[in-house]
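Good morning, and thank you for coming. Please look at the structure now on the screen, and I shall begin with one pair of residues before turning to the wider picture.

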2 protein chains.
Amino acid sequence: MTSSNRPAGEVPRVRAGRDRGIPDATVARLPVYLRALMTLSERGTPTVSSEDLASAAGVNSAKLRKDLSHLGSYGTRGVGYDVQYLIYQISRELGLTQDWPVVIVGTGNLGRALADYGGFVSRGFRVAALLDADPAKVGQQVAGMTVQHVDKLEAVVQESGVAIGVIATPAPAAQEVCDRLVAVGVRSILNFAPVVLQAPDEVRIRKVDLSIELQILAFHIQRATGGQLPALAGEQEPEGAT
Amino acid sequence: MTSSNRPAGEVPRVRAGRDRGIPDATVARLPVYLRALMTLSERGTPTVSSEDLASAAGVNSAKLRKDLSHLGSYGTRGVGYDVQYLIYQISRELGLTQDWPVVIVGTGNLGRALADYGGFVSRGFRVAALLDADPAKVGQQVAGMTVQHVDKLEAVVQESGVAIGVIATPAPAAQEVCDRLVAVGVRSILNFAPVVLQAPDEVRIRKVDLSIELQILAFHIQRATGGQLPALAGEQEPEGAT
DNA sequence: ACGTCCTTGTGAACGTTCGCACAAAGTGAG
DNA sequence: CTCACTTTGTGCGAACGTTCACAAGGACGT
């Protein structure tokens with residue numbers, strides 16, 4: 001998944017000016033911290049300690065401090081972190097202070113859910129277009145936008161400067177959509193279709209698979225209960241009376 | 001394989017009487033392998049090499065072989081893996097050979113998308129009930145099921161032996177739903193709401209966050225382009241350093 | 001039967017991530 | 001000013017994950 005073209009031997013560390021070598025694991029957590037900070041901000045909390053913020057984000061406090069230290073020293077010892085300032089710094093690091101036009105391909109249930117999802121707009125993402133191959137769907141209004149035919153994909157991407165493509169099509173159509181997005185210069189793709197997309201290394205693909213998460217949960221339940229449905233195998237602890 | 005001598009404390013891996021601790025990273029990939037194998041199966045492919053299967057799943061072939069080796073020696077040297085047999089073994093390991101009743105709470109766009117998602121049913125998951133707190137939604141037909149009021153949550157869970165709860169509510173309602181699910185014995189929760197749920201340690205929570213994935217993509221684009229949109233250059237300068 | 005070719009399974013090296021524990025740095029009371 | 005207290009930032013060892021490289025094992029042609 002990682003296509004880091006780093007000269008062999010060096011750890012992603014301090015580079016030019018500000019520290020730009022942030023570990024992937026840290027990057028994946030920054031949005032979670034941001035979310036927790038937003039909640040604190042709404043409550044009017046001025047500062048927060050690493051302990052409290054870590055608890056709100058569901059991580060270890062040492063890990064949180066180390067993560068934040070990759071952005072710089074934005075805390076005050078003895079006090080904690082200024083909520084507003086930290087929100088700004090994380091947003092800036094994630095590139096959320098600018099506007100990201102996104103194209104969503106596929107307006108089935110999932111595509112519509114995505115178009116309506118408030119979390120996109122509130123984080124600097126803007127749906128530039130909704131596309132679908134089904135003539136019956138073209139022209140429909142979804143989340144205040146008119147669904148366009150997928151033939152417009154190339155035009156929309158170029159006119160709106162779309163940098164991120166979201167694929168929410170059925171599985172068989174996903175690869176072709178991916179190819180077309182790549183062909184018009186999109187280098188970042190978020191894929192919801194249950195297929196493994198093939199693309200050049202320079203294209204960054206992230207995948208969200210609803211059923212995979214369920215399967216992982218099922219594995220752990222099965223492992224914990226020896227293959228029995230827990231609710232049917234007894235409500236109490238195994239140590240309890242049988 | 002030698003069993004690792006684990007010090008007292010928390011156990012990151014599955015601990016069982018049997019020596020079958022499968023790493024989390026491997027478990028997370030098994031569904032991907034399974035998906036690739038299903039595709040091969042539909043094409044009538046009898047056997048597949050680790051190289052080909054790894055390519056189809058988008059991973060390194062050595063990693064795939066090591067992952068599969070945790071399940072047992074199911075390959076034949078010089079030939080590869082029998083597709084049908086491997087499908088069976090992975091399915092069994094993931095617990096997909098049995099039926100998992102699932103309750104979906106929240107029938108907004110996302111909840112409906114989930115209810116309609118074919119990937120659930122085809123993998124041994126069955127939607128036992130769709131719940132919503134909105135009286136206007138109760139009684140509606142979604143994916144062939146009637147939406148019930150969330151007050152029925154406890155009854156549904158107990159009657160159907162639901163082991164997995166899916167939370168697709170708005171953020172403010174998620175924690176309460178989580179608490180209620182835990183209270184009736186649900187130990188595995190898949191959370192789509194953009195909040196960090198607090199629950200006892202024995203409850204396994206997995207989170208899917210649509211906007212977090214987008215934010216991670218945005219970070220990488222921004223990092224690669226120095227903070228500017230690749231297509232639309234020149235709008236806002238990056239902040240000066242301290 | 002035997003040698004050659006192919007592929008699995010895995011030991012070992014390497015890189016990444018985690019979390020403890022503590023020094024450094026700031027606050028505030030007296 | 002000094003001292004006690006709080007909290008950050010980080011060095012370090014351990015745990016975890018990934019990848020290389022190759023021995024072991026099986027199929028197949030001759």
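Let us start with a single pairing: A:S188 has A:R204, a residue of β10(A), as its bridge partner. Please keep in mind that what you see is a predicted model. The two strands concerned, β9(A) and β10(A), run parallel and are joined by four bridges.

Where do these strands sit in the sheet as a whole? Chain A has an open sheet of seven strands, whose order is β6-β7-β5-β4-β8-β9-β10, with mixed pairing. At its edges lie β6 (141-142) and β10 of chain A, each of which pairs on one side only. In general, the strands of a sheet pair through backbone hydrogen bonds, and they do so either parallel or antiparallel.

Let us move inward to β4(A). On one side, β4(A) runs parallel to β5 (residues 125-132) of chain A, and six bridges join them. One example is A:P101, whose partner in β5(A) is A:R126. β4(A) also runs parallel to β8 (residues 164-167) of chain A, here with four bridges. In β8(A), A:I164 is the bridge partner of A:V102.

Is β4 of chain A enclosed or open to its surroundings? Six of the six residues of this strand, residues 100-105, are buried, so the rest of the structure largely encloses it. As a general rule, side chains in a regular strand alternate between the two faces of the sheet. In β4(A), A:W100, A:V102 and A:I104 point one way, while A:P101, A:V103 and A:V105 point the other way, and all are buried.

Next come the helices. To set the scale, chain A has nine helices and 10 strands, and 39% of its 242 residues count as buried. Among its contacts with a separation of 6 or more, 54% are between residues 24 or more positions apart.

Helix α5 of chain A, residues 109-116, is mostly covered, with seven of its eight residues buried. Those buried residues of α5(A) are A:N109, A:L110, A:G111, A:R112, A:A113, A:L114 and A:A115.

A second helix, α2(A), gives us a pattern to reason about. Its buried residues are A:S50, A:L53, A:A54, A:A56 and A:A57. Viewed down the axis of α2(A), these buried residues fall within an arc of 160°, so they line one face of the helix. The general background is that an α-helix has 3.6 residues a turn, so residues three or four places apart point the same way. What does the buried part of α2(A) pack against? Its partners are α1 (24-42), β1 (47-48), α3 and β3 of chain A. After α2(A) comes A:G58, with a positive phi, near 80°.

I turn now to the two protein chains together. In the contact between them, 59 residues of chain A meet 61 residues of chain B. On the chain A side, the elements giving two or more residues are α1, α2, α4 (83-94), α5, α6 (118-121), β9 (188-191), β10 (204-207) and α9 (210-225). Of these, α9(A) gives the most, with 14 residues. By class, this side of chain A has 34 nonpolar, 13 polar and 12 charged residues.

How are the two copies related? A turn of 180° with a shift of 0.0 Å along the axis lays chain A on chain B with an RMSD of 0.1 Å. The copies are thus related as by a two-fold rotation axis. Moreover, 90% of the interface residues of chain A are also interface residues in chain B, so the copies meet through the same surface.

Finally, the DNA. DNA strand C is surrounded by 28 residues, the closest being A:P23, A:G78, B:S50, B:G75 and B:G78. The elements that give two or more residues to this surface are α1 and α3 of chain A, together with α2 (50-57), α3 and β3 (80-82) of chain B. α3(B) gives the most, with five residues. The surface near DNA strand C has 10 nonpolar, 10 polar and eight charged residues.

Around DNA strand D there are 29 residues, and A:S50, A:S73, A:G75, A:G78 and B:G78 come nearest. Here the elements with two or more residues are α2, α3 and β3 of chain A, together with α1 and α3 of chain B. The largest share, five residues, comes from α3(A). By class, the surface near DNA strand D has 11 nonpolar, 10 polar and eight charged residues.

Thank you for your attention.

Technical notes:
Residues are numbered from 1 along each chain as its sequence is written. Chains are lettered from A and ligands numbered from 1 in the order in which they are written. This is a predicted model: local features need pLDDT of at least 70, side-chain atom pairs count only at pLDDT 80 or more; totals for chains, interfaces and linings use all residues. A residue is near a molecule or strand if its C-beta atom, placed from the backbone, lies within 6 Å of it. Ala, Val, Leu, Ile, Met, Phe, Trp, Tyr, Cys and Pro count as nonpolar, Asp, Glu, Lys and Arg as charged, and the others, Gly among them, as polar. Copies are superposed by least squares on the C-alpha atoms of residues with pLDDT of at least 70 in both. Two residues are in contact if their C-beta atoms, placed from the backbone, lie within 7 Å. A residue is buried if 20 or more other C-beta atoms lie within 10 Å of its own, exposed if 12 or fewer, and partly exposed in between; C-beta atoms are placed from the backbone. The arc is that of the directions from the helix axis to the C-beta atoms. Two strands pair if DSSP finds at least two bridges between them.
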